[in-house]
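This report introduces a structure to a reader who has not met it before. The sequence and the coordinates are shown first, and the description follows.

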Amino acid sequence: MGKVIVVTSGKGGVGKTTSTANLGTALALLGKTVVVVDADVGLRNLDIVMGLESRIVYTSMDVIDKQCELSKALVKDRRVDGLTLLAASQKNNKDDIQPEQMKAICDKLRSEHDFVLIDSPAGIERGFSNASAGADEAIVVTTPDVSAIRDADRIIGLLQHAGIEPINLVLNRFSPELVGNGSMMDQEDVLDILNIDLIGIVPEDTGVITSTNRGIPLVYEDASPGSQAYMRIARRLTGQRIPIPDLEHKGLLTNIVNWFRNR
Amino acid sequence: MNISLRQLFGRKPKSSSIAKQRLKLVITQDRLDVDDRFMTRLHHELAEVLAKYFEFSVNSVSMSLKQEGNSYVLVADIPYKKFHDGNARQ
Ligand SMILES: Nc1ncnc2c1ncn2[C@@H]1O[C@H](COP(=O)(O)OP(=O)(O)O)[C@@H](O)[C@H]1O
Ligand SMILES: [Mg+2]
């Protein structure tokens with residue numbers, strides 16, 4: 001029995017699709033069976049970010065319309081074992097799917113995989129309720145800026161109301177340099193406001209852009225800081241206890257103290 | 001043989017040009033409102049017909065729709081091993 005985790009944010013463009021693609025791939029690289037589900041009906045992107053855009057035959061809409069079996073609609077990622085994609089229909093819109101139908105798909109996928117990651121569309125309307133309908137847990141992605149954090153807070157409220165727990169935060173596009181000179185809020189500032197658990201910090205990394213251009217998730221490039229951040233988050237999702245490294249150059253001593261503190 | 005100079009000198013194509021190429025394909029499909037199943041079906045049926053004339057591996061065939069100016073072009077890339085001798089197979 002696996003876990004269904006919705007990756008959501010409220011605001012668009014903060015890194016939901018990037019995070020879903022990279023965490024899905026990372027979990028598969030760790031040996032888990034994973035389905036990544038695009039819940040952005042009408043504006044799908046997870047396929048192209050993962051480089052699977054030319055391989056889609058069926059979508060979740062076809063499964064709902066009983067045009068094909070769920071297992072047949074899953075596009076196998078040939079680069080790693082155990083990873084598949086369920087694409088969204090590009091020709092329909094969010095109102096063509098009911099939350100109960102998404103829930104039924106999630107229930108089926110949960111029974112056959114270790115992880116089901118759902119890439120949520122932006123907004124708090126139907127797209128969000130469809131994406132979160134079948135979720136056990138949530139990952140809220142935010143960047144350290146005022147509008148993203150405000151929207152994240154709104155989404156956290158809705159998730160809590162729906163009884164989805166735990167809700168973990170990914171702080172994306174973090175820049176130690178900007179934090180250092182006082183122009184960006186640090187993780188403590190953000191957590192102080194949002195009051196949920198932090199599961200990881202992903203730095204601003206140009207590798208995200210080039211890997212998206214190629215359709216090869218960043219986690220295949222071991223050396224990049226973004227890749228390492230996503231791999232650590234994936235390990236935490238599997239239950240490993242890995243401290244969140246201090247990206248603020250506070251000095252070796254503070255890092256050691258934090259490492260012990262976070263264990 | 002189909003080796004470009006770029007491959008010969010071991011340089012990877014720039015990721016921005018890969019992005020542009022991939023986008024052109026999906027956007028053409030989006031604009032034409034092409035069904036996801038359409039391309040797959042076309043792929044299979046064309047391969048079936050072509051197999052009567054050529055020897056090739058179905059997995060090596062790539063097919064896509066491209067926009068060129070005002071018109072759309074179906075581009076099929078089919079690396080074949082040889083023609084079948086004589087007439088087409090029945
Ligand atoms: N850590 C990062 N470093 C640099 N660019 C990033 C990072 N995360 C996301 N991006 C870029 O931000 C943009 C939006 O990301 P995306 O994942 O599509 O967001 P969403 O799905 O929330 O709308 C993309 O261009 C992506 O490449
Ligand atoms: Mg997205």
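The text below treats the ligand, the sheet of chain A, two backbone features and a hairpin of chain B in turn.

The model is predicted.

**Surroundings of ligand 1**

Ligand 1 is surrounded by 14 residues, and those that come nearest are A:Gly13, A:Lys16, A:Thr17, A:Thr18 and A:Asn172. By class, this shell is made up of 6 polar, 4 charged and 4 nonpolar residues. Three elements of chain A each supply at least two residues of the shell: helix 1 (16–29), strand 7 (167–174) and strand 8 (197–203). Helix 1 of chain A gives the most, with 3 residues.

The table lists polar atoms of chain A alongside atoms of ligand 1.

| Residue | Atom of the residue | Atom of ligand 1 | Distance |
|---|---|---|---|
| A:Thr17 | polar side-chain atom | oxygen | 2.8 Å |
| A:Asn172 | polar side-chain atom | nitrogen | 2.9 Å |
| A:Gly15 | polar backbone atom | oxygen | 3.0 Å |

Ligand 1 would expose 560 Å² if taken alone, and the protein buries 79% of that area.

**The sheet of chain A**

Chain A holds an open sheet of 8 strands with mixed pairing, in the order 3-4-2-5-1-6-7-8. Strand 3 (75–76) and strand 8 are the edge strands, each of which pairs on one side only. Strand 8 of chain A is also one of the elements that supply at least two residues to the shell around ligand 1.

At the other edge, strand 3 of chain A runs antiparallel to strand 4 (residues 83–86) of chain A, and 2 bridges join them. Within this pair, A:Lys76 stands opposite A:Thr84 of strand 4. Helix 9 (residues 187–194) of chain A packs on the sheet, where it touches strand 6 (137–142), strand 7 and strand 8. The direction of helix 9 makes about 145 degrees with that of strand 7 of chain A.

In general, the strands of a sheet pair through backbone hydrogen bonds, in either a parallel or an antiparallel sense.

**Backbone features in loops of chain A**

Two loops of chain A deserve a note. A:Pro166 is found in the loop between helix 7 (146–161) and strand 7 of chain A. The peptide bond that joins A:Glu165 and A:Pro166 is cis, with omega about 0 degrees.

A:Asn195 is found in the loop between helix 9 and strand 8 of chain A. Phi of A:Asn195 is positive, near 60 degrees, in a residue other than glycine.

**A hairpin in chain B**

In chain B, strand 2 (residues 62–68) and strand 3 (residues 71–77) pair in the antiparallel sense over 7 bridges. B:Ser64 stands opposite B:Val75 of strand 3 of chain B. The two strands form a hairpin with 2 residues between them. B:Gly69, in the turn, has a positive phi of about 65 degrees.

Methods. Residues are numbered from 1 along each chain as its sequence is written. Chains are lettered from A and ligands numbered from 1 in the order in which they are written. This is a predicted model: local features need pLDDT of at least 70, side-chain atom pairs count only at pLDDT 80 or more; totals for chains, interfaces and linings use all residues. Side-chain values use heavy atoms; hydrogens and water are left out. A residue is near a molecule or strand if one of its heavy atoms lies within 4 Å of it. A polar contact is a pair of N or O atoms within 3.5 Å; within protein, one must be able to donate a hydrogen and the other to accept it, and residues adjacent in sequence count only if both atoms are side-chain atoms. Accessible areas come from the Shrake-Rupley method with a 1.4 Å probe; for residues, only the protein chains shown count as cover. Helices (H or I, at least four residues) and strands (E, at least two) are DSSP runs, numbered from the N terminus. Ala, Val, Leu, Ile, Met, Phe, Trp, Tyr, Cys and Pro count as nonpolar, Asp, Glu, Lys and Arg as charged, and the others, Gly among them, as polar. Two strands pair if DSSP finds at least two bridges between them. Contact means heavy atoms within 4.5 Å. Axes are lines fitted to C-alpha atoms, for helices over the stretch in contact, and angles run from 0 to 180 degrees between N-to-C directions.
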